[in-house]
Amino acid sequence: MGGAVGIINYDAIRLWEKIPKNHNVTEPIMEFGIYNDGILFDKIIVAVADNKDKKTMFDLQKRVEMMKKATKNFPKVEVKSFDTLLVDFAKKEESKIIIRGLRAVSDFEYELQMGYANKSLDNEIDTIYLMPNLQNAFISSSVVRSILKYNGDVSHLVPKEILEDLKCI
């Protein structure tokens, strides 16, 4: 897929769900699509949505800042915000591929519907689905928020670059 640009959409505080905590760039982290040494994509854009319908723990600017911190060691990753349909953002960024993660069977139905909806809006857009490795499959924003609510330790669940940001909540 030479010259390919992938778009990963993060619309809430879910940024740690797909980013491994160790950031060891010597190991291709393909299950997340974030860093893949050019095997799948020449560039990946992490798209942070400004979705007014969702209640997020952090505002858009803070979520973008945190994602930039979490991906700073990945030279092929850009972080951008958007407030349009994802397919329109992908078109603007000249990407024909949307990357989505599937942690469990329960994710599949929703993600499949979104993939079909995006395809119906732009027939040139394709969605690929990547699964995390088993040790990260249980991590979700809900799990992290629940642990944080009771002042639990989430250092093993989130990138170390954003731990300080989470301590302020």
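At the start of α1, which backbone nitrogen does a side-chain oxygen of Asp59 reach? In this predicted model, the answer is the backbone nitrogen of Gln61, with the Asp59 oxygen coming to within 3.3 Å of that atom.

The helix that begins here, α1, covers residues 60-70. Tucked away along it are Arg63, Val64, Met66, Met67 and Ala70, which are buried. Looking down the axis of α1, these buried residues sit within an arc of 165°, so they line one face of the helix. A bit of helix geometry is handy at this point: an α-helix has 3.6 residues a turn, so residues three or four places apart point the same way.

Two of the buried α1 residues turn up again in the largest nonpolar core, where Met66 and Ala70 are among the members. This core has 11 residues in all, and the list also includes Phe58, Ile139, Val144, Leu148 and Leu166. Both α1 and α4 (141-149) chip in, each supplying at least two residues of the core. There is a second core too, separate from this one, with 10 residues that include Ala47, Val87, Ala90 and Ile98.

Then there's Asp165, which belongs to helix α5 (residues 163-167). With a relative accessible area of just 6%, Asp165 falls under the 20% cut-off, so it counts as buried. What does its side chain pair up with? The partner is the side chain of Lys62, in a polar contact of 2.5 Å. Setting aside neighbours within four places in sequence, Asp165 is in contact with Phe58, Lys62, Glu65, Met66 and Lys69.

Note on methods: Residues are numbered from 1 along each chain as its sequence is written. This is a predicted model: local features need pLDDT of at least 70, side-chain atom pairs count only at pLDDT 80 or more; totals for chains, interfaces and linings use all residues. Side-chain values use heavy atoms; hydrogens and water are left out. Buried means under 20% relative accessible area, exposed over 50%, partly exposed in between (1.4 Å probe, protein chains only). Helices (H or I, at least four residues) and strands (E, at least two) are DSSP runs, numbered from the N terminus. The arc is that of the directions from the helix axis to the C-beta atoms. A polar contact is a pair of N or O atoms within 3.5 Å; within protein, one must be able to donate a hydrogen and the other to accept it, and residues adjacent in sequence count only if both atoms are side-chain atoms. A nonpolar core is a set of buried Ala, Val, Leu, Ile, Met, Phe, Trp, Tyr and Cys residues joined through side-chain atoms within 4.5 Å. Contact means heavy atoms within 4.5 Å.
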